[in-house]
Amino acid sequence: MNARRSLLLTALLALGAAHAAHAADPVKIGFLVKQAEEPWFQDEWRFAEQAAKEKGFTLVKIGIPNGEKMMAAIDNLAAQKAQGFVICVPDVKLGMAVERSAKRHQLKVMSVDDRLVDGAGKPIEAIPHMGISAYEIGKQVGQGLAAEVKARGWTMAEVGAMRVAYDQLPTARERTQGALDALKAAGLPEANVVDAPQSKTDTESAFNAANIAFTKNPKFKHWVAFGLNDEAVLGAVRAGEGRGFKQDAMLGIGIGGSQAALNEFAKPAATAFFGTVLISPKRHGYETTLLVYQWVTENKAPPSLTLTSGTLMTRRNQAEVRKQMGL
Ligand code: GLA
């Protein structure tokens with residue numbers, strides 16, 4: 001054997017040993033979320049824990065409210081010898097940074113909820129993703145609102161449609177577009193659409209945005225409100241209450257169906273938070289984590305795109321719907 005070949009062989013053997021050591025490392029998977037205090041993300045974490053318990057691996061949960069914390073969290077995972085992670089980023093434009101950092105640390109990465117985009121704003125196809133069917137779910141919101149407007153005998157011409165907007169996030173834009181299209185198909189005049197842009201995706205930002213929108217549009221007798229999640233609609237509902245638009249003059253349907261919505265339904269008197277489209281934190285938490293686990297242990301990559309569906313849940317049918325969804 002010449003010197004060159006023997007060198008190559010040694011290198012290959014070393015590589016094999018390193019690989020075997022790697023395979024024997026205990027499995028550790030991260031679950032990074034943009035808004036750890038939001039019930040939706042708490043639920044995702046809870047279901048991810050369930051997967052970890054069942055398969056016997058360690059789950060590392062980290063809240064990443066901004067880009068800096070996100071980068072530190074990925075470095076931290078690598079330092080802890082994790083093999084992969086699921087992520088919902090604080091800003092989808094951080095997509096390339098996530099991809100690069102994961103590659104550098106040899107970590108498998110899958111996104112959840114908010115799909116990562118590249119510099120041109122296109123989805124990064126190489127990173128597997130699970131999100132909701134945003135436009136369809138938005139349509140369910142709009143159809144639910146339109147049906148209740150009709151049931152109450154309101155005339156669409158007198159209804160203001162408040163779109164609590166967070167347009168820099170594609171899934172948010174698609175959700176509210178779906179709602180809007182359904183409302184327009186049911187006769188809502190275009191001129192009655194009122195945008196309430198929020199600076200963050202929490203209740204407080206939605207409340208502030210809705211207050212401004214109410215002030216600027218005093219002419220409507222009735223209101224419907226929708227947005228990207230339950231928090232957005234709850235903010236609008238709270239703002240409406242402050243202005244005398246209670247349950248009999250306003251209607252809101254959110255998206256999510258986690259604790260924030262259930263608390264609202266549990267109040268003795270109905271509020272303007274009429275319903276929510278229940279989506280599945282179990283699929284988004286348990287399934288994504290399991291997919292990354294299989295990727296790490298069996299080298300089986302997750303499907304590149306999975307879109308989950310939702311079901312309209314109101315104060316009236318909540319118990320039934322939750323049971324159907326296995327919650
Ligand atoms: C986004 C929203 C969350 C939740 C998820 C569901 O991340 O900010 O509130 O609705 O989508 O996929």
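Here is a chat between a trainee and a mentor about this predicted model.

Trainee: Let's start with the open sheet of six strands. What is its strand order?
Mentor: The order is E7-E6-E8-E9-E10-E12, and the pairing is mixed.

Trainee: And which strands stand at the edges?
Mentor: Those are E7 (193-197) and E12 (311-314). Each has a single partner strand, so one side of each is left without a neighbour in the sheet.

Trainee: How much are neighbouring strands turned against each other?
Mentor: By 20° on average, ignoring direction.

Trainee: How many bridges join E6 to E7?
Mentor: Five, and the two strands run parallel; E6 covers residues 159-165. One residue to look up is Ala161 in E6, whose bridge partner in E7 is Val193.

Trainee: Which strands does helix H5 lie across?
Mentor: H5 (residues 134-151) lies across E6, E8 (222-226), E9 (250-256), E10 (273-278) and E12. Its direction is at about 155° to E9.

Trainee: What about H8?
Mentor: Helix H8 (residues 230-242) lies across E6, E8, E9 and E10, and runs at about 160° to E9.

Trainee: Switching to the largest nonpolar core: which residues touch the most other members?
Mentor: Leu32, Phe85, Ile87 and Met162 do, out of 55 residues in that core. H8 gives the most to this core, with six residues.

Trainee: What does Met162 touch?
Mentor: Leaving aside residues up to four places away in sequence, its contacts include Val194 and Ala196, then Ala210, Ala213 and Phe214. Trp223, Val224, Ala225 and Phe226 are also touched by Met162, as is Ala236.

Trainee: What lies apart from the largest core?
Mentor: Another core, of 47 residues, including Ala51, Phe226, Val277 and Leu290. As a general point, nonpolar side chains in soluble globular proteins tend to be buried together.

Trainee: On to the ligand. How many residues surround it, and which are the closest?
Mentor: There are 13 around the ligand, and the closest are Lys34, Glu38, Asp113, Asp114 and Arg175.

Trainee: Which distances should I look at there?
Mentor: Try Lys34, where a polar side-chain atom lies 2.9 Å from an oxygen atom of the ligand. For Asp113, an N or O atom in the side chain is 2.7 Å from a ligand oxygen atom. Asn229 also has a polar side-chain atom 2.9 Å from an oxygen atom of the ligand.

Trainee: Which residues of H4 are buried?
Mentor: In H4 (residues 95-104), Gly95, Val98, Glu99, Ser101 and Ala102 are buried. Their cover includes helix H3 (67-79), strand E3 (84-88) and strand E4 (108-112).

Trainee: And what follows H4?
Mentor: Gln106 does, with a positive phi near 55°.

Trainee: Where is Asn192 found?
Mentor: In the loop between helix H6 (170-185) and E7.

Trainee: Buried or exposed? Asn192, I mean.
Mentor: Asn192 counts as buried, because its relative accessibility is 7%, and the cut-off for buried is under 20%. A polar atom of the Asn192 side chain lies 3.1 Å from the backbone oxygen of Ala157. Among the residues Asn192 touches are Met156, Glu158, Gly160 and Phe220.

Trainee: Same question for Pro268: buried or exposed?
Mentor: At 85% relative accessibility, Pro268 counts as exposed. Pro268 is in the loop between helix H9 (259-266) and E10.

Trainee: How far apart are Pro268 and Ser309?
Mentor: They are 41 residues apart in sequence, and their C-alpha atoms are 30 Å apart in space.

Notes:
Residues numbered from 1 in each chain as written. Predicted model: local features only at pLDDT ≥ 70, side-chain atom pairs only at ≥ 80, totals over all residues. Heavy atoms only, no water. Pairing = 2+ DSSP bridges. Helix = DSSP H or I, 4+ residues; strand = E, 2+ residues; numbered from the N terminus. Axes fitted to C-alpha atoms, helices over the stretch in contact; angles between N-to-C directions. Contact = heavy atoms within 4.5 Å. Core = buried A, V, L, I, M, F, W, Y, C linked by side-chain atoms within 4.5 Å. Buried < 20%, exposed > 50% of the residue type's maximum accessible area, 1.4 Å probe, protein only. Near = heavy atom within 4 Å. Polar contact = N/O pair within 3.5 Å; in protein donor to acceptor, adjacent residues only side chain to side chain.
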